[in-house]
Amino acid sequence: MRELLEGHQTDGPVEAAQRAVRPTLRRRFYEMVTIAAGEAGHEGQNGYRVCLDGKPIRTPRRRTLAAPGAELARALADEWAAQGEYIDPVKMPLTRLANTIIDGVGAAQEQVAAEIRKYLASDLVFYRAESPAPLRARQAQHWDPLLSWARQALGAEFKLGAGVVHVAQPAAALDRACAALPHDPWRLGALHAATTLTGSGLIALALLHDAITAEAAWQAVHVDEDWNMEQWGSDEIALKRRGFRFAEFNAAALVLRTLGKL
């Protein structure tokens with residue numbers, strides 16, 4: 001299990017390129033995927049373990065794969081049950097996120113929160129195009145409601161800028177927004193994932209507080225990209241990459257939705 005979820009040792013450039021083209025997948029070795037409630041193993045966690053043929057799944061750092069809620073555990077189990085002849089980690093975004101949270105976020109919550117604050121300090125929705133006017137209007141349509149929500153729900157008043165020139169945000173606004181960050185590793189880890197995938201801590205916070213749907217959030221993130229594709233045509237490679245990232249984003253949104261807001 002460890003080699004499956006950690007990946008392979010570092011290869012040379014030729015081997016790495018070959019592996020990227022033809023990744024080696026492990027054959028499915030289990031029949032049943034089940035959920036067991038109670039003690040999650042030697043870590044002393046309580047939760048819902050995901051088991052393969054009755055044996056708990058281990059993360060890359062040998063911790064038990066267990067979720068704090070039954071619905072979330074079922075979603076993890078569904079990923080494993082959906083695997084065919086081979087196990088493809090690329091098709092298991094929720095498991096990858098869970099591994100990151102279990103193995104890393106719990107011991108580094110302050111650092112994770114600090115990184116979210118950095119994103120908020122130069123958030124995507126604060127920077128508007130100087131032209132053309134239709135693009136500015138579309139940005140306002142998708143992003144202004146987020147700023148209104150932050151002002152009303154969080155008491156955070158942010159400043160807008162034009163172009164790429166950095167605009168320093170008021171410390172009070174950042175403090176109030178960061179006061180809304182969750183304090184448990186699962187929601188914090190999911191919020192961080194949503195933030196890095198979107199480039200917007202504000203969109204991630206709105207998602208946490210049910211102020212925006214996952215679909216609307218993803219649309220808001222791609223206002224500029226969609227505009228450019230409308231003008232110049234779509235990019236198949238970019239769209240494929242976007243689809244992969246959307247699956248990761250949906251995994252983070254699922255964690256936030258199932259575990260609830262503050």
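## Exercises on a predicted chain

Aspartate 210 is exposed, with a relative accessible area of 56%. The model behind these exercises is predicted, so please keep that in mind as you work.

### Exercise 1. A backbone angle at aspartate 210

Find the element that holds aspartate 210, and state the sign of its phi.

Solution.
- Start with the location: aspartate 210 sits in a loop, with helix H9 (201-208) before the loop and helix H10 (214-221) after it.
- Next, take the angle. Phi of aspartate 210 is positive, about 60°, although the residue is not a glycine.
- Finish with the surface: the 56% relative accessible area of aspartate 210 is over 50%, so the residue counts as exposed.

### Exercise 2. A second positive phi

Describe the backbone angle of arginine 62 and decide whether the residue is buried, partly exposed or exposed.

Solution.
- Arginine 62 has a positive phi near 70°, and it too is a residue other than glycine.
- The loop that holds arginine 62 runs between strand E4 (55-56) and strand E5 (66-67).
- Its relative accessible area is 37%. Buried would need under 20% and exposed over 50%, so arginine 62 is partly exposed.

### Exercise 3. A cis peptide bond

Which kind of peptide bond leads from serine 131 to proline 132, and where is proline 132 found?

Solution.
- Check omega: it is near 0° for this bond, and the bond is cis.
- Then place the proline. Proline 132 belongs to the loop between strand E7 (127-128) and helix H6 (133-154).

### Exercise 4. An aromatic cluster

How many aromatic pairs does a search of the whole structure find, and what is the geometry of the pair formed by phenylalanine 29 and tyrosine 30?

Solution.
- The search gives five aromatic pairs.
- In one of them, the ring centres of phenylalanine 29 and tyrosine 30 are 5.3 Å apart and the planes make an angle of 80°. Planes over 60 degrees apart count as edge-to-face, so this pair gets that label.
- Now compare the cover on the two partners: tyrosine 30 is buried at 2% relative accessibility, whereas phenylalanine 29, at 39%, is partly exposed.
- Finally, extend the group. Phe29, Tyr30 and Trp80 make up one aromatic cluster.

### Exercise 5. From the cluster to helix H4

Trace the link between tryptophan 80 and threonine 95.

Solution.
- Threonine 95 is part of helix H4 (residues 93-105), and its 1% relative accessibility makes it buried.
- In sequence, threonine 95 and tryptophan 80 are 15 residues apart, while their C-alpha atoms are 8.6 Å apart.
- The side chains of the two residues make a polar contact at 3.2 Å.
- Tryptophan 80 also appears in the largest nonpolar core, which has 73 residues: Trp80, Phe158, Leu202 and Leu205 touch the most other members.

### Exercise 6. A buried glutamine

Which backbone atom lies 2.8 Å from a polar atom of the side chain of glutamine 169, and which residues surround this glutamine?

Solution.
- Glutamine 169 is in the loop between strand E8 (161-162) and helix H7 (171-178). Its relative accessible area is 10%, so it counts as buried.
- The atom is the backbone nitrogen of lysine 159.
- Setting aside neighbours within four places in sequence, glutamine 169 contacts Leu120, Ala121, Phe126, Phe158, Lys159 and Leu174.
- Apply that filter to leucine 202, and its contacts include Leu120, Phe126, Phe158 and Trp149.

### Exercise 7. Cysteines and disulfides

How many disulfides are there, and is cysteine 51 buried or exposed?

Solution.
- With a cut-off of 2.5 Å between cysteine sulfur atoms, the count comes to zero.
- Cysteine 51 is buried, with 3% relative accessibility. Cysteine 178 is buried as well, at 17%.

### Exercise 8. The whole chain

Summarise the secondary structure, burial and contact range of the chain.

Solution.
- The chain has twelve helices and eight strands.
- It has 262 residues, of which 43% count as buried.
- Take the contacts between residues at least 6 apart in sequence: 61% of them join residues at least 24 apart.
- The exposed area is about 13,700 Å², and carbon and sulfur atoms supply 52% of that area.

Notes
Residues are numbered from 1 along each chain as its sequence is written. Side-chain values use heavy atoms; hydrogens and water are left out. Helices (H or I, at least four residues) and strands (E, at least two) are DSSP runs, numbered from the N terminus. Buried means under 20% relative accessible area, exposed over 50%, partly exposed in between (1.4 Å probe, protein chains only). Contact means heavy atoms within 4.5 Å. Accessible areas come from the Shrake-Rupley method with a 1.4 Å probe; for residues, only the protein chains shown count as cover. Rings of Phe, Tyr and Trp (its six-membered ring) pair if their centres lie within 6.5 Å; planes under 30 degrees apart count as stacked, over 60 as edge-to-face and the rest as tilted. A polar contact is a pair of N or O atoms within 3.5 Å; within protein, one must be able to donate a hydrogen and the other to accept it, and residues adjacent in sequence count only if both atoms are side-chain atoms. A nonpolar core is a set of buried Ala, Val, Leu, Ile, Met, Phe, Trp, Tyr and Cys residues joined through side-chain atoms within 4.5 Å.
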